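Let's take a look at the enclosed spaces in this protein and at the ligand that comes with it. Have the model open alongside as you read.

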Amino acid sequence: MAKQKFLWGSATAAYQCEGAWDEDGKGLGEWDVFSHGNPLNLNGATGDVSCDFYHRYKEDIDLMAAGGQNTYRFSIAWARILPNGRGEVNPKGIEFYNNVINYCLEKGIEPNVTLFHYDLPNAIAEEGGWEKRSIVDDFEAYAKVCFEAFGDRVKLWSTINEPKYYAYCTNMVGNYPPNHKLDFDRYFKQMYYEVLASAKVVALYHAMGLKGQIGIVHDSSNVEIAPGTKEPEKVRLLGDLFYNRLILDTSIKGELPGELIPLLRENGIENDYIKLDDALTFAKGKVDFIGMNVYNRMYLTDWSQGETEVFHNNRGAGSKAKEGMRIKGWYETAIAPDTKRNLWGREIYPKCMYNTLMEIRERYGDIPVYITENGHGCYETPDENGYVQDDDRIEMMQGYIDYMLKAKKEGCNVLGYYAWSTMDLYSWVNGYEKRYGFVRVDFDHDNKRTTKKSYYWFKNLIEEYQKTEEAGE
Ligand code: BGP
C-alpha cells in the first residue's frame, strides 16, 4: 500500500471566521447572544462579520492552495444546519458547506471537518446545553445530518474541538458562555457528556459504513512536574485526570480512567450522571485518530496555600496575568522563570510538542495523530502595503514543527499538521487584535487579505518536506 502523504495545512472555526451570523436561515448561536451585550465580553467584539469567510471562502481556499497547503481544517456551525438545534434542516446551510467542501476538493485540498467548535445553538443552550444528557442525542442527530450530506466527500472528521478547554472556559474560568466560575460539578459533567456524545457519533459514523476516519480534538495539556515538587506522583495523577485522561482514555481506549469516579467521590464532586450502560457506548465509540491542538504544557507543583483560583488573561498587554490555576489540596501551576510567554500570559514552550507526542506514543501506542492546531498569537503592525513581517511567529512555529518531526522520526504516528490559523480571525473573548493568521485580514477595510511573511515560510517548508518525502527519506 502506498504511504499516506503527510498533510500540511491550516485551520479555522465557524464562529471565528464565517460572519453572516443571521444570514440564509442560520439560527442563533450561544456566542451570538453572548457577544451582543454580555458585559463579560470584555473587548466588545462579535463574530457578526468577522473575516466574512461565508462570502469569501473561495479567496481563502485559493490562498491555501497557492501556499502549497494540501488540507484545510474547518468547523460546521450547528445552528447553520439546524437553526433550532434539532428538527428542521436549513438547505442553505447544507449548500454553503457543500460549496466549501467541493471547492477544497477542486483545489486539491483535503477537507478535515470538525462538527462542534464551541458554538452551541442557542435553542439548546437555553435548555441547559452541555449540562443535560439530552444533548448527547441531539448531537448525534446533528452529526447524522452532516454525515449524510457530506460524508461521501469528507474523509476526515472530528467530533468535538477541545472538550476540556471548552469545559474549562465555560465552567472554571467563566469567560465563555454560559460563564460559570470554579464549578467542579459542571466542569466534569460537561466533559463527560462531551466524550459520551463524541463516542456515540464515532459509533454512528462507523455503523454508517462511510469511507473515512473520525477522531476527537484534544488541547494537549501534558503534565510536567516542576523540580522540587514534594509529591510528584500525586500532582501528576491529579493534573492528568483534571486535564487529559477523561478525554484521551475514553476516546482512545474506550473506557473511563479507573481513578476518575473515586476522585469525584472523595472530593464531593457530583457523579451520579455516570451510568453503568455508558461503558458500552464508550467501548463502541473508539476513535480512529486523535487530533492534538498543541500550544502549551501544564507545568505543575504541590499546592502551597490559598483557595482554589484560576488565572487567565483576555486583556493581553493590558494585563500582567499569567495563565494558570491553583486547586486547593491538589496542585498549583509552577512558574518557569526562563520560559518565554506571549502577551496573554501563556508559555511559549516548543518542546511540549515532542513531550506530548511521546507521551501519546507511550500510553496509547500507534494511534494516528494529527496536530490539529499550533500557532502563535500576537499584536501586529503591517507596513504601508499591509505586509506583516511576522518573524516571531516563524521562529516559534519552526521550533514546534522541528519537535513534531523529531517525535515522528522516533516512532510517533503523526500524519499531519494544521497551523492555527489560516487567516486572522476572531479570537474569542480576546477580540480581533490577537492575531494568528498566515494571511492578514484588514478588518477596517473590507476585510482585505494580505499574505504575511509566515505564509511564504510555510509554503517553503512544505515544499522542502515534500521533496524529502518523494525521495523516500
Ligand atoms: C484553541 C481554539 C481555537 C483558537 C486557539 C487560539 O483553543 O480551538 O478556536 O481560538 O485556541 O486561542 P485564542 O484565540 O483564545 O488565543
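Which helix gives the most to the lining of the second largest cavity? That would be H4, with 3 residues. Keep in mind throughout that this is a predicted model.

**The second largest cavity**

This cavity holds about 120 Å³ of space. Of its 14 lining residues, Tyr-15, Lys-26, Asp-32, Ala-77 and Asp-119 are the closest to the centre. Helix H4 (78-81) isn't on its own here: helix H1 (14-17) also supplies at least two residues of the lining. Sorted by class, the lining comes out as 6 nonpolar, 3 polar and 5 charged residues.

**The largest cavity**

Stepping back, the structure has 6 cavities of 30 Å³ or more. The largest has a volume of about 620 Å³, and 41 residues line it. Nearest to its centre you'll find Tyr-165, Asn-296, His-312, Glu-323 and Arg-346. Three elements put two or more residues into this lining: helix H8 (163-173), strand E8 (298-302) and strand E10 (324-327). The largest share comes from H8, at 3 residues. As for class, the lining of the largest cavity has 15 nonpolar, 16 polar and 10 charged residues.

**The ligand**

And where does the ligand go? It sits in the largest cavity. There are 15 residues around the ligand, and those that come nearest are Gln-16, Glu-162, Ser-427, Lys-434 and Tyr-436. This shell breaks down into 6 nonpolar, 6 polar and 3 charged residues.

A few side chains place a polar atom close to a ligand oxygen, as listed here:

| Side chain | Ligand atom | Distance |
|---|---|---|
| Asn-161 (N or O atom) | oxygen | 2.9 Å |
| Trp-428 (polar atom) | oxygen | 3.0 Å |
| Tyr-436 (polar atom) | oxygen | 2.5 Å |

So how much of the ligand is covered by the protein? Taken alone, the ligand exposes 380 Å², and the protein buries 96% of that.

Tyr-436 is worth a click while you're there: it is among the residues that come nearest to the ligand, and its side chain has a polar atom 2.5 Å from a ligand oxygen.

Note on methods:
Residues numbered from 1 in each chain as written. Predicted model: local features only at pLDDT ≥ 70, side-chain atom pairs only at ≥ 80, totals over all residues. Heavy atoms only, no water. Near = heavy atom within 4 Å. Polar contact = N/O pair within 3.5 Å; in protein donor to acceptor, adjacent residues only side chain to side chain. Areas by Shrake-Rupley, 256 points an atom, 1.4 Å probe, with all protein chains shown as cover. 1 Å grid on protein atoms, 1.4 Å probe; cavity = no way out; pocket = protein on both sides within 12 Å on 5 of 7 lines; lining within 4 Å. Sits in = over half its atoms within 2 Å of the grid points. Nonpolar A, V, L, I, M, F, W, Y, C, P; charged D, E, K, R; others polar. Points joined across faces, edges and corners; volume = space filled by probe spheres on them. Helix = DSSP H or I, 4+ residues; strand = E, 2+ residues; numbered from the N terminus.
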